[in-house]
Amino acid sequence: MSASTLVQFGTKHVAKGIGRLTTEVIESGSGSYITMASGRKMLDFTTGIGVANLGHCHPAVTKAAQTQISKLVHGQVNIAFQKPYLDLIKSLLPLMPHKSLDTFFFWNSGAEAVEAAVKLARHATKKQNIIVMQGSYHGRTFGTMAMTRSKTIYSEGFAPLMPGVFSVPFPYCAQCSIATHSAGKYSYGNCCMDPLLQLELLLKRESAPSDTAAVFIEPVLGEGGYVPPPPHYLARLREICDKNNILLVADEVQCGFGRTGKMFAVEHWGVRPDILVMAKGIANGFPLSGIVSRKELMDTQKPGTMGGTYAGNAVSCAAGVAVAKAFQDEKILDNVNARGAELRTTLEAAKADPKTGEIMYDIRGLGLMLALECTPGHGYAPKIQAKCMEKDMLVLTTSIYDTIRFIPPLNITKEDMAKGCQIIKEAIEEVAAGERPPETRTRGQALE
């Protein structure tokens, strides 16, 4: 089939409920680039929404998967142990943000892993309620739909949702009425911590601690806008959870595996989660997710309560082992911090420029998990996104605010980062100058 015929076929036969950035057909990927069936080669600052963290078809990961395919493809977890599953645990243990995180369960997708964490939290505490953050994204399965509070599209028309889910504000200073009306008294570096007050009030008004199993949080808010919390927020949150015998669950599906410059984002604040949720970058594109907790919690579950046909697939686990090794062998975190500084410098220079700064409201993030929020009310973000695509670069928008997120490969070269920064700079300049390109198919709506 020709590229245009493939598009027509896909439009006719693929579920309409799947949103997509473009109707191009991806043919192949290598490193920081993808090539379309049309022959168009594009610099990829999306990495499959933070999945191909080591670039497309990383040689060591590809080789590990190919080798495993010739040995064992499917070693069902409820039948027996399989070696890649155990090898992956052995590889991940030294990378955990706290030594108490020593017992693992692997599944397929991020949403499934979040649901596994819900099951564990409810069963281990014998309590039912869950507290999540406004702006959070946890998935689109039936349980995680109820927990996702980034936008209504994910749950619209699917009620009744899973009960027992409550939400509190995430400390998002750029959108906080206290910060914006305090003449600089309160800001990111000096947060009033009102979101924690709202949590304490919720525990008194709506969900008693005796009924509350866990607080779920993305340590860096993902689909809600790539928002890191203020310096002392997570430590204070940990104290509240400890005081009320509530588990703290860190959903690191998007911000984990080096994305923020640390292996896991919670390491930036030295906070210990009771349960850590991981997926996306764990196997660089092979379907794999997991939760890790302390053994005393995991051992509360009876044999048979956890499992799944494809849970902890042998090929995916072998890929995960190769990913963990690549982080050490290739000094990936060093590259994340170096390239992240270059991208941030580009964005901050554009914001400081009078010609472009007026359309830029906020720059934020950590490592190579960075976002540009545009001046509200004008729809600048999808226009910048469209300009980047005109220049053969893929970027994504995110959140209900007018925001672009940048998710390049963690091992992107200095040269490719420079190329990406130049495209971003030109796109911002052209939109600021008044150019209005046709918007992308998503019209700035984030995909997850």
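Trainee: Which helix and strand each supply at least two residues of the lining of the second largest pocket?
Mentor: H4 and S4 do. Keep in mind that this is a predicted model.

Trainee: What volume does that pocket have?
Mentor: The second largest pocket has a volume of about 580 Å³. Its lining is made of 22 residues, and the closest to its centre are Val77, Tyr85, Phe104, Phe105 and Met306.

Trainee: How does the lining divide by class?
Mentor: There are 12 nonpolar, 7 polar and 3 charged residues in the lining of the second largest pocket.

Trainee: Where else do H4 and S4 turn up?
Mentor: Helix H4 (83–92) and strand S4 (103–107) are part of what covers the buried residues of H11. That cover also includes helix H3 (59–69) and helix H12 (332–352).

Trainee: How many residues of H11 are buried?
Mentor: 12 of its 16 residues are buried, so H11 is mostly covered. Among them are Val315, Cys317, Gly320, Val323 and Phe327.

Trainee: What span should H11 have, and what does the model give?
Mentor: H11 runs over residues 314–329, which is 16 residues, and at 1.5 Å a residue it should span 22 Å. The C-alpha atoms at its ends are 23 Å apart, which agrees.

Trainee: I multiplied 16 by 1.5 and missed 22. Why?
Mentor: Because the expected span uses one less than the number of residues.

Trainee: OK. What happens at the start of H11?
Mentor: A side-chain oxygen of Asn313 comes to within 2.9 Å of the backbone nitrogen of Val315.

Trainee: And which residue follows H11?
Mentor: Lys331 follows H11, and its phi is positive, near 50 degrees.

Trainee: Let's take one residue. Is Ala318 buried or exposed?
Mentor: Ala318, which sits in helix H11, is buried, because its relative accessible area is 10% and the cut-off for buried is under 20%.

Trainee: What does Ala318 touch?
Mentor: Setting aside residues up to four places away in sequence, Ala318 touches Ala64, Gln68 and Pro84.

Trainee: How many residues lie along the chain between Ala318 and Ser207, and what separates them in space?
Mentor: Ala318 and Ser207 are 111 residues apart along the chain, and their C-alpha atoms are separated by 42 Å.

Trainee: Where does Ser207 sit, then?
Mentor: Ser207 is in the loop between H8 and strand S7 (212–217). Ser207 is also buried, with a relative accessible area of 0%.

Trainee: What is Ser207 in contact with?
Mentor: Apart from neighbours within four places in sequence, Ser207 is in contact with Asn129, Phe166, Leu202 and Thr212. With Thr212 there is a polar contact of 2.6 Å between the side chains.

Trainee: New topic. Which residue is paired with Val431 by a C-alpha separation of 7.2 Å?
Mentor: Tyr380, and the two are 51 residues apart along the chain. Val431 belongs to helix H15 (residues 414–432). At 0% relative accessibility, Val431 counts as buried.

Trainee: Back to helices. What does H5 reach from its first C-alpha to its last?
Mentor: H5 (residues 110–125) reaches 23 Å over its 16 residues, close to the 22 Å expected at 1.5 Å a residue. Its buried residues include Gly110, Val114, Leu120 and Thr125.

Trainee: What comes just after H5?
Mentor: Lys126, with a positive phi of about 60 degrees.

Trainee: Which loop residues other than glycine have a positive phi?
Mentor: Met193 is one of them, with phi near 60 degrees. Met193 lies in the loop between helix H7 (177–180) and helix H8 (194–205). Phe257 has a positive phi too, near 55 degrees, and is found in the loop between strand S8 (247–251) and strand S9 (275–278).

Trainee: Are those two buried or exposed?
Mentor: Met193 is buried, with a relative accessible area of 9%. Phe257 is buried as well, with a relative accessible area of 2%.

Trainee: Last one. Where is there a cis peptide bond?
Mentor: A cis peptide bond joins Ala159 and Pro160, with omega about 5 degrees. Pro160 lies in the loop between helix H6 (142–147) and strand S6 (165–168).

Note on methods: Residues numbered from 1 in each chain as written. Predicted model: local features only at pLDDT ≥ 70, side-chain atom pairs only at ≥ 80, totals over all residues. Heavy atoms only, no water. Helix = DSSP H or I, 4+ residues; strand = E, 2+ residues; numbered from the N terminus. Buried < 20%, exposed > 50% of the residue type's maximum accessible area, 1.4 Å probe, protein only. Contact = heavy atoms within 4.5 Å. Polar contact = N/O pair within 3.5 Å; in protein donor to acceptor, adjacent residues only side chain to side chain. 1 Å grid on protein atoms, 1.4 Å probe; cavity = no way out; pocket = protein on both sides within 12 Å on 5 of 7 lines; lining within 4 Å. Points joined across faces, edges and corners; volume = space filled by probe spheres on them. Nonpolar A, V, L, I, M, F, W, Y, C, P; charged D, E, K, R; others polar.
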